[in-house]
Amino acid sequence: MKQSKKPKLSRKDRQIKTAKNLGKGLSPVAAMIEAGYSESYARSQGYAVAKRPYIRSLLTDAIERVLAEQNKAFDDIVRPFVEALDAPVIVKSHTEGIACVAKDPETQEVIPDHDTRMKAATHIVNLMGGFPREVEMPAPPPKGLTVIINKDGESGQVTQPTNRVVDRTKIQPTGEDTGDTMPKVKFTKG
């Protein structure tokens, strides 16, 4: 008996299926393999594909719908992580069936739960875009003279930065604003 092949899904259908799998809690690689991507492609591109705008928008739309159905706001998801930044150590007694906040015996100050606090902080940073990777960091400014010219949006006047230390050279705008993209400047020794 001949085995029938599964019909190959379109790119859009695979992305929808990947989003559903991510919503179920699968890792990006597992979600993609389950959605019909090849294992090698999923392993090499899994995390990048999972961040594609279409997949992210599917997940965002689903989250917004469910939050609205449950009469909740996105803040309700984030609030516990922010509150966990102040988490104390909790001491549990299984024999007595109680739990209490641990305090320093001498000072009676609450003992912080550093592990929980660090996990919450890391999660919040990730929600905000994460730590920039080295390739995302801007290049250091070149050595020598760096010229920064600000243009006031309302008056159209070219202005000097007010709180920057200007080394021995000042740049003074000259002439009127003619609508050119580059203002005329002259260099003067200060």
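**Notes on a predicted model**

1. A nonpolar patch lies on the surface. I63, F74 and I77 make it, and its area is about 270 Å². The model is predicted, so all values here are computed from its atoms. I63 has its place in helix α4, which covers residues 53-69. The relative accessible area of I63 is 41%, so I63 counts as partly exposed.

2. L67 belongs to helix α4 as well. Is L67 buried or exposed? L67 is buried, because its relative accessible area is 13% and the cut-off for buried is under 20%. Beyond its neighbours within four places in sequence, L67 is in contact with K72, A73, F74 and I77. Two of these names, F74 and I77, also appear in the nonpolar patch. L67 and I77 are 10 residues apart in sequence. Their C-alpha atoms are 9.4 Å apart in space.

3. The chain as a whole comes next. It holds six helices and six strands. What order do the elements take from the N terminus on? They run α-α-α-α-α-β-β-α-β-β-β-β. The chain has 190 residues, and buried residues make up 14% of them. About 16000 Å² of the chain is exposed. Carbon and sulfur atoms supply 55% of that area. Take the contacts between residues at least 6 apart in sequence: 31% of them join residues at least 24 apart.

4. R14 deserves a look. R14 is found in helix α1, residues 11-23. R14 is buried, yet it has no salt bridge. How far away is the nearest side chain of opposite charge? That side chain is D13, and it is 8.4 Å away. A salt bridge needs the nitrogen and the oxygen within 4 Å, so a side chain at 8.4 Å does not qualify. Setting aside residues up to four places away in sequence, R14 touches K8, L9, A35, G36 and Y37.

5. How many salt bridges does the count come to? The count is three. One of them joins E39 to R43, with the closest N and O atoms 3.1 Å apart. Both residues sit in helix α3, residues 39-50. They are four residues apart, so about one helical turn separates them. E39 is partly exposed, because its relative accessible area is 46%. R43 is exposed, with a value of 55%.

6. A salt bridge also links the side chains of D76 and R79, at 2.9 Å from N to O. The helix here is α5, residues 74-83. D76 and R79 are three residues apart in it, so the separation is about one helical turn. D76 is partly exposed, with a relative accessible area of 34%. R79 counts as partly exposed too, at 40% relative accessibility.

7. K119 and D115 form another salt bridge. Their closest N and O atoms are 3.2 Å apart. Which helix holds this pair? Both residues lie in helix α6, residues 114-127. They are four residues apart, about one turn of the helix. K119 counts as exposed, because its relative accessibility is 56% and the cut-off for exposed is over 50%. D115, at 48%, counts as partly exposed.

8. Helix α6 can be followed to its end. The helix has 14 residues. From its first C-alpha to its last, α6 reaches 20 Å, close to the 20 Å expected at 1.5 Å a residue. V125 lies in this helix. The relative accessible area of V125 is 25%, so V125 is partly exposed. Residues up to four places away in sequence aside, V125 touches G130 and F131. Just after α6 comes G129, which takes a positive phi of about 115 degrees.

Terms used
Residues numbered from 1 in each chain as written. Predicted model: local features only at pLDDT ≥ 70, side-chain atom pairs only at ≥ 80, totals over all residues. Heavy atoms only, no water. Patch = residues over 30% accessible without salt bridge, like charges linked within 9 Å, V, L, I, M, F, W, Y side chains within 5 Å. Areas by Shrake-Rupley, 256 points an atom, 1.4 Å probe, with all protein chains shown as cover. Helix = DSSP H or I, 4+ residues; strand = E, 2+ residues; numbered from the N terminus. Buried < 20%, exposed > 50% of the residue type's maximum accessible area, 1.4 Å probe, protein only. Contact = heavy atoms within 4.5 Å. Lys, Arg positive; Asp, Glu negative; His and termini not counted. Expected span 1.5 Å × (residues − 1).
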